[in-house]
Every structure is written in structure tokens, then in C-alpha cells.
Amino acid sequence: MARYHATVESRSPAAETFAYLATFSNAAEWDPGVLAGEQLDAGPPRPGSRFRLTVPFLGARMSLTYEVIRFVPDREVLLRAASALLRSTDRIVVTGAEHGSTVSYDAEVRLRGPLKLLDPLLRPGFRVVAERAAAGLARALSRRPPGRSTRTPAAAPAPSDGAAQPAEGKP
């Protein structure tokens, strides 16, 4: 299992920062390891909301559908995704700070099936991917002016069958 933790400062108030990050499809804007992101359910994030991220994994592309499994408004979101190849858990906690807010981001990836034997080898590569994501998040949050709204879809696209496609990995 590979784990990563980062703490990032935001210029925006906690509620705005949380809304942006809880809309997990926005990861495509700040995480260079995410090729595309889309929200699968209409409206603001809540328990059960789903987000599909396309990531590189083992030289191809993989579609991961993250589901919000815990949601504390303006404070915490816990998301999980699973495929035949891996399981990913991301926990985002936002707290108010003197000049904006502070984001605590925890990510964990476990390989599954036959790839589970390679789990110890995942750690160094995952650390590099996670550090790039944390740097991208820090850049995005430092550029976001307070009051910037988040995007949510007007209608939910049809969900995919959730089958893993060949790809390279980001949690």
C-alpha cells in the first residue's frame, strides 16, 4: 500500500476551498496525473456523489469512479474508487486559517489481484505522482481568487459500466 499526506494553503475561505475540492472532478485542473474528470451526478457534492477520473496506469488509461463515502459540509470529504487493479482512498479536510484556509490531503492506493505482489514497488512511484499533485494543488489554490465559484453539471451523464480499462495510475 502506498500512502501520501500533504498540507496546502489556500487564499480562499474554507467553504470556497472545500466546495472546489469536494467537486472531485476539478482534480483534472490541478493534478497533472489526472487526464480528465467529470461529475456523474447533478448538483453539489454530497454522500453518494460520483466522479469519474481518467488517469494513466501502466502505459494506458484507466477510468476510476470515485464515490463520496463521507461528507461533512465545508470541512471533510472522503472518496473511494476501486477497480480490478487497485483501490484508492482520498481524504480532504479543510480548515479556516488567518488568510484563507488550510487543506490536509491524504491519499492511499492499494494494488489488487495479481498486481498486489507489486504493492511494495508502488510506493516510490506513487510518492512522485502524489508530490506533483500536491504541487499542482498548491499552485491552483494560490491562484484562485476568493469568491471563484465551482462548476457542477446541469445534468448527470450516463454512468459507465465501471470496468477498468488499461491505464497508468493516480489515486
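## Architecture and selected contacts of a seven-stranded sheet

In this predicted model, a polar atom of the Gln39 side chain lies 2.8 Å from the backbone oxygen of Asp41. A polar atom of that side chain is also found 2.7 Å from the backbone oxygen of Gly43. Gln39 belongs to strand E2, and with a relative accessible area of 5% Gln39 is buried, the cut-off for that class being under 20%.

Turning from this residue to the whole chain, the secondary structure consists of three helices and seven strands, which follow one another from the N terminus in the order β-α-α-β-β-β-β-β-β-α. The chain has 171 residues, of which 44% are buried, and its accessible surface amounts to about 8,400 Å², with 55% of that area belonging to carbon and sulfur atoms. Among the contacts in the chain with a separation of 6 or more, 59% are between residues 24 or more positions apart.

The seven strands form an open sheet in the order E1-E7-E6-E5-E4-E3-E2, and the pairing is antiparallel. Strand E1 (2-10) and strand E2 (36-39) stand at the edges with a single partner strand each, so that one side of each has no neighbour in the sheet. With direction ignored, neighbouring strands of this sheet are turned by 20° against each other on average. Helix H1 (residues 14-22) packs on the sheet, where it touches E1, strand E3 (50-57), E4, E5, E6 and E7, and the direction of H1 makes about 165° with that of E6.

Three of the strand pairs are set side by side below, each with its number of bridges and one pair of opposing residues.

| Strand pair | Bridges | Residues opposite each other |
|---|---|---|
| E1 and E7, antiparallel | nine bridges | His5 and Asp106 |
| E4 and E5, antiparallel | five bridges | Val72 and Glu76 |
| E5 and E6, antiparallel | seven bridges | Arg80 and Thr89 |

Strand E1 shows an alternation of its side chains, in which Ala2, Tyr4, Ala6, Val8 and Ser10 point to one face and are buried, whereas Arg3, His5, Thr7 and Glu9 point to the other face and are not buried. His5, which belongs to the second of these groups, is the residue whose bridge partner in E7 is Asp106.

Strand E5 (residues 76-82) has five of its seven residues buried, and it is therefore largely enclosed by the rest of the structure. On one hand, E5 forms a hairpin with E4, with three residues between the strands, and in this hairpin Asp74 takes a positive phi near 60°. On the other hand, E5 also forms a hairpin with E6, and here too three residues lie between the strands. Strand E4 spans residues 60-72, and strand E6 spans residues 86-97.

Tyr66 is a residue of strand E4 and counts as buried, with a relative accessibility of 0%. The C-alpha atom of Tyr66 is separated by 5.1 Å from that of Arg80, although the two residues are 14 residues apart along the chain. Arg80 in turn has Thr89 of E6 as its bridge partner. The side chain of Tyr66 also makes a polar contact, at 3.0 Å, with the side chain of Ser88.

Aromatic pairs are a further feature of the model, and a search of the whole structure finds three of them. In one of these pairs the ring centres of Trp30 and Tyr105 are 5.9 Å apart and the ring planes stand at 80°, so the arrangement is edge-to-face, a class that requires planes over 60 degrees apart. Because Trp30 lies in helix H2 (residues 27-30) and Tyr105 in strand E7 (residues 100-111), the pair ties together parts that are 75 residues apart in sequence. Both Trp30 and Tyr105 are buried.

Key
Residues are numbered from 1 along each chain as its sequence is written. This is a predicted model: local features need pLDDT of at least 70, side-chain atom pairs count only at pLDDT 80 or more; totals for chains, interfaces and linings use all residues. Side-chain values use heavy atoms; hydrogens and water are left out. Helices (H or I, at least four residues) and strands (E, at least two) are DSSP runs, numbered from the N terminus. Buried means under 20% relative accessible area, exposed over 50%, partly exposed in between (1.4 Å probe, protein chains only). Contact means heavy atoms within 4.5 Å. Accessible areas come from the Shrake-Rupley method with a 1.4 Å probe; for residues, only the protein chains shown count as cover. Rings of Phe, Tyr and Trp (its six-membered ring) pair if their centres lie within 6.5 Å; planes under 30 degrees apart count as stacked, over 60 as edge-to-face and the rest as tilted. Two strands pair if DSSP finds at least two bridges between them. Axes are lines fitted to C-alpha atoms, for helices over the stretch in contact, and angles run from 0 to 180 degrees between N-to-C directions. A polar contact is a pair of N or O atoms within 3.5 Å; within protein, one must be able to donate a hydrogen and the other to accept it, and residues adjacent in sequence count only if both atoms are side-chain atoms.
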